[in-house]
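Here is a short tour for anyone meeting this structure for the first time. Take a look at the model, then read on.

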Number of protein chains: 4
Amino acid sequence: MKQVNIALLGMGRIGKIHFKNIQQNFPGIKILAVADPLYNESQKEMYSNIFFSENVDEVIALPEVDALLICTPTSSHADLIEKGIKKGKHIFCEKPMDLSLERTAALSLMAENAGIKLMLGFNRRFDPDFMQAYKSVRAGAIGDVQIVKITSRDPGLPPIDYIKNSGGLFMDMAIHDFDMARYIMNKEVVEVFAKGLNVVDKAVGQAGDIDTALTTLIFEDGSYAVIDNSRKAAYGYDQRLEIFGSGGMIKVENNLLSQNILYDEKGIHYALPMDFFMDRYARSYLNEMELFIDALLNDKEMPVGGSDALKATQIAYAAKSSMETGRPVKLSEVEMKSK
Amino acid sequence: MKQVNIALLGMGRIGKIHFKNIQQNFPGIKILAVADPLYNESQKEMYSNIFFSENVDEVIALPEVDALLICTPTSSHADLIEKGIKKGKHIFCEKPMDLSLERTAALSLMAENAGIKLMLGFNRRFDPDFMQAYKSVRAGAIGDVQIVKITSRDPGLPPIDYIKNSGGLFMDMAIHDFDMARYIMNKEVVEVFAKGLNVVDKAVGQAGDIDTALTTLIFEDGSYAVIDNSRKAAYGYDQRLEIFGSGGMIKVENNLLSQNILYDEKGIHYALPMDFFMDRYARSYLNEMELFIDALLNDKEMPVGGSDALKATQIAYAAKSSMETGRPVKLSEVEMKSK
Amino acid sequence: MKQVNIALLGMGRIGKIHFKNIQQNFPGIKILAVADPLYNESQKEMYSNIFFSENVDEVIALPEVDALLICTPTSSHADLIEKGIKKGKHIFCEKPMDLSLERTAALSLMAENAGIKLMLGFNRRFDPDFMQAYKSVRAGAIGDVQIVKITSRDPGLPPIDYIKNSGGLFMDMAIHDFDMARYIMNKEVVEVFAKGLNVVDKAVGQAGDIDTALTTLIFEDGSYAVIDNSRKAAYGYDQRLEIFGSGGMIKVENNLLSQNILYDEKGIHYALPMDFFMDRYARSYLNEMELFIDALLNDKEMPVGGSDALKATQIAYAAKSSMETGRPVKLSEVEMKSK
Amino acid sequence: MKQVNIALLGMGRIGKIHFKNIQQNFPGIKILAVADPLYNESQKEMYSNIFFSENVDEVIALPEVDALLICTPTSSHADLIEKGIKKGKHIFCEKPMDLSLERTAALSLMAENAGIKLMLGFNRRFDPDFMQAYKSVRAGAIGDVQIVKITSRDPGLPPIDYIKNSGGLFMDMAIHDFDMARYIMNKEVVEVFAKGLNVVDKAVGQAGDIDTALTTLIFEDGSYAVIDNSRKAAYGYDQRLEIFGSGGMIKVENNLLSQNILYDEKGIHYALPMDFFMDRYARSYLNEMELFIDALLNDKEMPVGGSDALKATQIAYAAKSSMETGRPVKLSEVEMKSK
């Protein structure tokens, strides 16, 4: 591909990030159209050379569009992917593809058969710190990896309505960490043991979800990863990674709001972690878009594809099942549902 | 008790620590006798007012002795405790009391019935950093505790012969962490899920043990702790604790060999953690002895007693059973064996 | 002013930063023209709505231009400022205004008399970390300030030709730190004691300059600041600040390349500081441009004006004189030269 | 010498430290006698084999005494050293030898001529962190040293009466840092520029002293050290060292009260530095005593001798003179007074 014309579907929080990143950093890439039921006239005026529409189908049908960026609510992802594949558009889609295992598997296969390039927005892989950790591990800096420990805690609860439609903590939140564990380990998960708690807010439990979880992932060679999640850390967005191997350890620590330290009679005080994902992972969104565009322009494989989405979704299913049954659940039990 | 006369059984690595601590810091406390098959004449000469003997029974029988410090190999602990109880001596014993659950339970009960004060050497509870973390948690600094994470890695393998008689990683090494989790959480464990690996040295596997483990402890209210152990961290003795609660988090970081930092063209280099337990936990050994002596002098309850030893031993059994069966094991399954 | 039309003079390293910052972040601000003897055709084509010229005078003369951004070599600053003032343009100019005290003083006065808004590019004031330190100090977080300590070391020597025309280390490099000390202390310097060394590269000494310096600034109330500079820190760009007061201390530490830490048998290794000013101070360039534009649009005072430039230049003169004479030099001795 | 019999003169705060260190750690070394006007009967009873006396002369005269530890108030140091030399005793003396330069020089010479081993208590040299920094620098870890920066702040004012008899901040407090700078640089100071402030408590100024100071030391090759002192840091005892060289930097950071970190909604909170010199430098006192005893037993040179005391005292004189005259003062100006 010599040039990429993009249509952006969904101009919410994350859609705006991609929009701005492309406008500012990829002068050669053209955003041809934006579909959003809530686009406003001032946007339309400001970007007079972009076609704004309330109608997603209209935008997908534009023949000049090469690729879709799907940033709509989760419930619409699968249909939009399917439509895009049928129209021969390459696709970047925010995670997850779908809450159903069957549909996720089917779409992944459909894209593959159609020769469609499909990338999923597991953006944390493209955070500079995590990328460097990945490279160091691959380069042998800590020998054979024996355990990966991920701490992933949000600064606060999302709205309960969001939680109700999220697919639950494992599918909505921990799925990023499941993907990260696979990415760092470079191996496949075979079994999952998970525990969940509702201790942040009773409303979460009433909505049928948990807000706190601990998940153990067992890999094919017996090594393991452990992930602890919370919807609410009092001190903010806590995103840490620890990789222990035969030759040493790599830690990725939180990015703090500043490098200032206050010393007073009560203690030595450092700044809190960066507020939330839009700041903490700002660079990862830019990097993932660069890789998506590069894969399109230079006919490369997508760095995170449909099969990665499927694996992470299977793990989320297995985690939920383990929590519900109180026993470890093998991924092979869940994989059958994907077929 | 107005005065305490102590007999020290076993003058190995840990016996010497207690000996020196008492001599240097408790001028009013008298070490009357030392029993060790390998004591040497130069010791005898240096401490002319101490009765040195190769014969443990002879020493236990001394009527002036009020309390025994049992620092002999694990396999002799139970018999010496039993003899001590029968002679009416108060007892400090290094962990574990015994590799058998039944005997541990029986001795704990026997001491209680005989009015014998029995303290077990879970020294890490008395490390200043961990004690402070405990106090902060109790004082509500982080609200309700939701998860405790313990990292506990040794700097290298002990001799294989030691491993063969150790009762295995869970009983020998992780037992400290099981006790720490109970101590910090101030709650009882009800279920254990554990995984083990033999990745440090094949000789460990040949000796029937693992060298790497991950254990999840479930407490009575559903909250949990996760502990990862390794017999060999390339960077030394790694002893960390993280306690996360509704109001924040407390971390206990490693004590480093120095506070020096080298900046050069390759990076910013900090010192390694303190070498091993004798340095890292030096203060904890002193503190535990102070508490033991204080409990004797002032007729207080021991800070870690027979029931604590029994609980930690039950958890170790459950962990081993979980690893072997591949499923979570309830402590109630193990407790029956203790009756 | 309702709108600001900008002409950018000089499209070198720093000019490009301002160009990109304005294009990406201030959609309402128009870069009307760019003057650079080395502009190239591809730039001209890419930005077809910008007037590119090799001729600075031609650009300054454009009547639609409201403000000049002067990013040319130091030797041309004064003439361009003077031309701009005469044409009634507001001015942002990189430091220093001029190597001569007399001219700096004259231009500062000329701008003031002509009602021209003049801002100098002491960008470090607008670094988020330093701004926060400033605010904390003003808010009384550490009581009365007693000493400010600045560490300011470059990662490597600039070309010797650059050094020859730079005005010397105090005027070229330390001037940023002199301004920072005044900014944080919010007081005026009355005396300077400075030492200089040529230890990085003999070529610097042959060019008549030093590459390493230590400067003590004495303020009007007797309090002091101490600044150490080096043209070459083996570990990279070292930019630290320490402010000690009656109630505590604030430190601004280096921004590191990553938050990754490697533990191996040799030590605990952190990443190096960010490479150089374009990365380390990226945000400060954006912030200073925002403040410049805000002052123009809303008729506010410039946050760093001609008198600030003059003071910093006087301190640089006093430092050089102190180094040459071996004694502390009062600013009043230097101020006379400015009149 | 095959054995060392010690007499301890002065059983105050520092005398007790040495007493305990010797009793606990050097079983072969005998404290024969203690002279203190305030010794009490309970001490006498507890150490029945030590001769306690109120009379210093009586103790110095004891023929069995090989070495004196002089831990009395500063004003008595010189007379006791002189008496000790005349009786042929080796001497360890707390800093400074005397407030007068002439007397310090004379005693240093007298000891040398008499073949008396004389060690001064510049204990910080023997702190493990500083020793390691020294060794790293000597081993070339950071190339040629270009600047040494010492931060040395006490947690609070001593009693005003103490200050009145202390010789002033430079002689009483900064003298440790002057010695440290010489030690690390391994070079001689040739010039001093110092500034002083009275900002902690007016009573200090009324007593004729300062409580805050900044001192620049210039070494024979033009390199320099800078030391900032305060009698009161709100956050406690601040003892840091930074050594910058052609190949990198070594920092010695504060030793903190614990390795615990609290994360809450206000920030990330570390523990304060260790309270004061008795804790922070506990190990250094033990190390210096070990070196003193080793030098006596094995006829080695003392690691800090009379000439070191003289140099540090000269620097303190030069600093005071510089502060009073407002100009840099050469050590050669001060050295004349020592002759």
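Start with how two of the chains match up: a turn of 180 degrees with a shift of 0.0 Å along the axis lays chain D on chain A at an RMSD of 0.0 Å (a least-squares fit on the C-alpha atoms of residues with pLDDT of at least 70 in both copies). The two copies are thus related as by a two-fold rotation axis. In chain D, the residue that comes closest to that axis is D:His269, with its C-alpha at 2.3 Å. Both copies use the same surface, as 100% of the contact residues of chain D recur in chain A (contact means C-beta atoms, placed from the backbone, within 7 Å).

This is a predicted model, where local features need pLDDT of at least 70 and side-chain atom pairs 80 or more, while totals for chains, interfaces and linings use all residues. Residues are numbered from 1 along each chain as written, with chains lettered from A and ligands numbered from 1 in written order.

Now for strand E4 of chain A, residues 67–70. Helices (at least four residues, H or I) and strands (at least two, E) are DSSP runs numbered from the N terminus. Strands pair if DSSP finds at least two bridges between them. Here are the two pairings:

| Strand paired with E4(A) | Sense and bridges | Partner of A:Ile70 |
|---|---|---|
| E1(A), residues 5–9 | parallel, four bridges | A:Leu9 |
| E5(A), residues 90–93 | parallel, four bridges | A:Cys93 |

Both faces of E4(A) are covered: A:Ala67 and A:Leu69 on one side, and A:Leu68 and A:Ile70 on the other, are all buried (20 or more other C-beta atoms, placed from the backbone, within 10 Å of the residue's own).

Methods
Contact = placed C-beta atoms within 7 Å. Buried ≥ 20, exposed ≤ 12 C-beta atoms within 10 Å, placed from the backbone.
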